[in-house]
Every structure is written in structure tokens, then in C-alpha cells.
Amino acid sequence: MVTFEKVSKTYPGGVMAVKNLNLTIAQGELVVLIGPSGCGKTSSLKMVNRLIEPTSGRIIVSGVDTQKLDPVALRRKIGYVIQDIALFPHRNVAQNIATVPRLKKWDQKKIQERVDELLRLVDMDPALYRGRYPLELSGGQQQRIGVLRALAAEPEVLLMDEPFGALDPITREQLQDELKRLRQKVKKTILFVTHDMDEALKLADRIVLMRDGVIVQVDTPEGLLREPANDFVRNFIGEKRLIRQPDKVLVHEVMRTKPTCIEGDKGLHQGLELMREEAVDSLLIMDRSGDFLGVVEVQTIQQNLEARKSLEAIMTPWPTVNENDSVKRVVRLMVEGNLRFIPVVDETGRIKGIVTRANVVNFVLDYMS
Amino acid sequence: MTIFEYMFRHYQLIGTRALEHLFIATSALVLSMLLAIPLGILLTRKESFAKFVLGLGNVIMTIPSLALLAFMLPVLGIGNKPAIAALFLYALMPIMRNTYTGIKQVQPSLIEAAKGMGMTDFQILTGIELPLAIAVILAGIRTTYVILIGWATLAAFIGGGGLGQLIWAGLTNINYNLILSGAIPAAGLALLSDLLLGRLELKLTPRGIRKVVRKEGVLK
């Protein structure tokens, strides 16, 4: 739908904003250009509708080389939304939305129907909003109209230049959700510029990460999170967002410290008392120096309560993991032995903590959300 | 005999002079608008000329008004023509400058959005820039007209007629009533035109920005 072929842009003064850009955006795809400021993302976007002329290379929109078209005709085929919203303050909502249809000389009745149809698309009552002026609307409503204005004449491609950047966080999120909803109803090819990684991950089919005028990585949000190409990408995404392979996550990141432990030479009643105090159903048994020996569960104590035995005598041997083992190993042990928890020990066998099923599940949920 | 009785008795003469007066000021204003507004628009398109032309206009403004009238005499003779010519030159600058700044203060993002949606330069000018600049342009015209009405009293010195003639005659005869029957209508005309043009300005300001323009003077 949109193809960049070896596109470069050098500004007067020799600054090379975009260097040999090659990129193809498929029909109906939403591609996000992202990167630090000055990376060339906005220049690349504005070259599509020729607000900026490329120094070399070609940009092809629906099979036609943009250089072969009159810029005015080209722009009327491409929707354009900018950060400053820039609704015309002297024109009301209907007139603003009708900007491009009027330029294209649609007939009045068709224009009016289209305006009402679009307003209903974002749940704004046409009767109420048609005649309002931009300065009478909230920022969020203004940018909704900004998006509708860009969609009005059924453009083949939509360019969005940090469209939600000037909005407060709550409104921004609402409009992102609305854009997602809108895309299900009207399948548009969208080129979207932002510097907000969360926005990119939320909206993009593919993300193009740029730096110094070149593409560093192109991938789906999932792919970018799983396999960042290099440290720059990793830093830009932020460690917290990266999807980490389970075998790379270590036990000590997941475990709970200070599990309920008791020395093995204590009696069963003492064990039972401690369980009641700590509200647990199992105890880790250790020797005098704190080394792990085994596990006693509440049922085992109850079965043996008549006998005068030490905890050591009735405890069950239990697999353990090292604090530097991977979480994957914990999960495997839990599944194989159908265990609800695994004690964590250091190299010398001393108890360091415990990993429960709940810990593992919470950890996985954290990384999936 | 009070001044008002005096004026009432000579209302025909005062009326004639007032009409002459308005004719001088209005023709100077209209001619000036015809040149200054297109020139002001042109300057927004040719930034490099803007500084030079606006500077030249400032130079004209510094010539004392009476001197300028005198300069016109050898060229255009006596009568109202040299007066109109001189006032025309005076009016050029403020109208041109307000047209220029009025268009320049339109948010660049609006121009970019308009261009990005496929408006031609002419459509941007007539559809976006002029409607948004109209309040500033009209404000320039209004203050200019008020000043022209004041300065038109000087036309009498070069035989141009107008209310200045009554003042001039009154001064030479030391007739205060005569002086005042020139001065009061001149002041009245200035105030009245300020009021009426103010109304017009508000009416021609597009509805969507009227509130802001009234509060802030210009659209932010």
C-alpha cells in the first residue's frame, strides 16, 4: 500500500534526517514509527504526503509513485492527523469534518450524510455536535473530530503524527481504545508516529524503531519484546516491558524469603503450635545450623500425634532448588512431583526462601499483562 | 448665543463641510486599503521583502503631516486631491502592517493541517488565513480611519475644504463659535466611526473565534 524505496532526506545544512529507508506497509496494516527525537520518524511520515520532499528514492502509494502526482491531489487521497489537532477554529464541527470532501467537490447532501455517519462512529450525537465550534469542545473531543476530518473522504492511507501526544493520559488512553475500535469497523492503512512505547505496543501491527535516520528493527510488538535486536532496542523498550524467557528468570527474583522453619528435634505439638501461629499447613525442617532437612505437613503430624516423636522422625524428604536456578526448573519440579511449593537453599544447603505456586503464577501474570 | 444655537443656525454649512471632510478621509482610506491589503498579504508570502517594505512605510510615517501636505501641493495643486494623496500615504502603513501581522499570527499548525489535507495556497489564504486575520485587519482599518478623520482637518490649509476650513476661519477671525463648530463635529465623526467600525469588526469576525477575539484581542 505504501512503499519506501531507498528514501533519503538531507536538510539544507547537510543534516541527514533519513538514510536509505526501505519499508513496505501492507493494506490495512497499522505501522508505528518510533524512536528518540531527531530519529527521522516525522520526516519519513511527512514525505508520504510530500509536506517534505525526499532528496532521493521513491515513495509509492497504492501503486503510484508520489513524485508523479500533483502534491495537492496526492494529499487529498491521504488522511492527515497532527499533534496540535489544528481544527479550524472559525469553522464548526461539520465544516471541519467536511474539509476534504468539500475540496473534492462532493455534493452537499452526500457531505452531510458522511459527517453524520462519522460523528455516530465515535458516539457523538450529530444533532448536538454538528454546529459546535472547536473552541467549545474538550481536547479529547477536538482530536476525535481531527481523526474524523482525516477519515472523511475515504482516504487510502492515514498519516498520524503523534496524534494523541497533546492529550492528558486518561483521554489519550480513551482515544487509543477508540482508534482500535475504529480500525475494526474501517480497515485503514495507517502510518503512525509516536515516541510513546506503550502507545506503540498497544496499537501497532508492526513497530519500526528508528535511530539517526535508519531503521534499527522492524517487528511485531510481540517480536520486539521477545527478541530485541540490540542494547539500543532493549533500552528503548525498557527492561520492565521485555518478555523474558522462563529459563532466564532466576528463582531469587520470584521466591518469598523467611519461610516458616523449625528445628527438627522439636516435638510434634510445638510444630502444630507454630503452624497455627503462622497460619501455614507445612513446615520446613532444618538442623541447628539452618540447613534444610525436609518437610512436615499438617496431615502427617495429625496422623502421628499419639506417638512421642520428633518432627525429624516423621518428615518427608523434599526436592529443593538453588536460588540461582531458573524458574523453569521450579515449575518442572512442581509439575513432576505435584508439589505446592519448593524450598530454596544456597550452595551449602542453608534455607533461603520458598517458591509457592502462587508466586510463580503471579510472576507469569506480571509479565504477560 | 450658545455654541449649539450657533451650530444649529449654520447647520447647512457645517453639513457641507462635514461631507467634504468625510469624502477626503474615506477616499484616502479606501484607496489605501486597495493597495495596502494586497501588499500586506504579499509580504507574508515574500518574507525577504517584508522588512524592507515595512521599514519604508515607517519612514513615511515620520514625515510631519503638514509637511507632507505641503509636498503634495507642487505635484497635485490645491484642492482636496493633494489632501487625499497625503492621507492615503499615511494610511498605507498601519493597514499593511495589520494585514501582515494578522496573517502571521495564524497558528502555523493550522496552515500545515490545511496544506496536508490538500488545500492550495490560494484556498489556505481565503479559507483559513484571511478569516482568522480579519479581526486584526479590521482593527487596523478602524484606528487608521479615526486618525484620518483627525488629520483631514489639515486639508483646509491647502484648500481641500472639510471641517478644518471652519476651524481655520474661526482661528483667523478669533471666532470661538466658528472654531468649535468645526472641531466638535470632527471629534464627533471620529468617535462615531470608531463605534460603527467596531461593530462591523465584531460582526465580520467568524463566530467560532468571536469570544476569544473579544477577550484577548487576537486568536491565540
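This is a short tour of a two-chain structure, one selection at a time. Keep in mind as you go that the model is predicted.

**Stop 1: chain A, its two domains**

Colour chain A by domain: domain 1 covers residues 2–244 and domain 2 covers 251–368. If you place a marker at the C-alpha centre of domain 1 of chain A and another at that of domain 2 of chain A, 55 Å separate the two.

**Stop 2: the six-stranded sheet of chain A**

Now show chain A as a cartoon and find the open sheet whose six strands follow the order 6-7-8-3-9-10, with mixed pairing. Which strands stand at the edges? They are strand 6 and strand 10 (214–219) of chain A; each has a single partner strand, so one side of each has no neighbour in the sheet. Looking across this sheet, you will find a twist that averages 15 degrees from one strand to the next.

Zoom in on strand 7 (residues 157–161) and strand 8 (residues 189–194) of chain A, which run parallel and are joined by five bridges. To see one bridge pair, select Val157(A) together with its partner Thr189(A) in strand 8 of chain A.

**Stop 3: the three-stranded sheet of chain A**

Move along to the open sheet of chain A with strand order 12-13-14, where the pairing is again mixed. Here strand 12 (261–263) and strand 14 (292–297) of chain A are the edge strands; with a single partner strand each, they are therefore left with one side lacking a neighbour in the sheet. Ignoring direction, neighbouring strands of this sheet are turned by 35 degrees against each other on average.

Select strand 12 and strand 13 (residues 282–286) of chain A next: three bridges pair them in the parallel sense. Ile262(A) is a good residue to click on, as Ile285(A) in strand 13 of chain A stands opposite. Then add helix 13 (residues 268–278) of chain A, which packs on the sheet and touches strand 12, strand 13 and strand 14 of chain A. The direction of helix 13 makes about 125 degrees with that of strand 13 of chain A.

**Stop 4: chain B, overall**

Hide chain A for a moment. How many helices and strands are there in chain B? Chain B has ten helices and zero strands. Its C-alpha trace spans about 70 × 40 × 20 Å along the principal axes.

Start with helix 4 (residues 65–76) of chain B: its twelve residues reach 16 Å from the first C-alpha to the last, close to the 16 Å expected at 1.5 Å a residue. Just after helix 4 of chain B, select Gly77(B), which takes a positive phi of about 75 degrees.

**Stop 5: a helix pair in chain B**

Select helix 7 (residues 121–151) and helix 9 (residues 176–204) of chain B, whose axes lie 9 Å apart at an angle of about 170 degrees. Since an angle over 145 degrees counts as roughly antiparallel, that is why helix 7 of chain B is described as roughly antiparallel to helix 9 of chain B. Show side chains at the contact: helix 7 of chain B contributes residues including Ile134(B), Leu138(B) and Arg142(B), and helix 9 of chain B contributes residues including Leu189(B), Asp194(B) and Leu197(B). By class, this contact has 14 nonpolar, three polar and three charged residues.

**Stop 6: where the chains meet**

Finally, bring chain A back. The contact takes 20 residues from chain A and 19 residues from chain B. On the side of chain A that touches chain B, helix 2 (71–76), strand 6 (78–82) and helix 4 (99–103) of chain A each supply at least two residues. Coloured by class, that side of chain A shows twelve nonpolar, four polar and four charged residues.

Methods
Residues numbered from 1 in each chain as written. Chains lettered and ligands numbered in written order. Predicted model: local features only at pLDDT ≥ 70, side-chain atom pairs only at ≥ 80, totals over all residues. Contact = placed C-beta atoms within 7 Å. Helix = DSSP H or I, 4+ residues; strand = E, 2+ residues; numbered from the N terminus. Nonpolar A, V, L, I, M, F, W, Y, C, P; charged D, E, K, R; others polar. Domains from an automatic or database assignment. Axes fitted to C-alpha atoms, helices over the stretch in contact; angles between N-to-C directions. Parallel < 35°, antiparallel > 145°, perpendicular 65-115°, else oblique. Pairing = 2+ DSSP bridges. Expected span 1.5 Å × (residues − 1).
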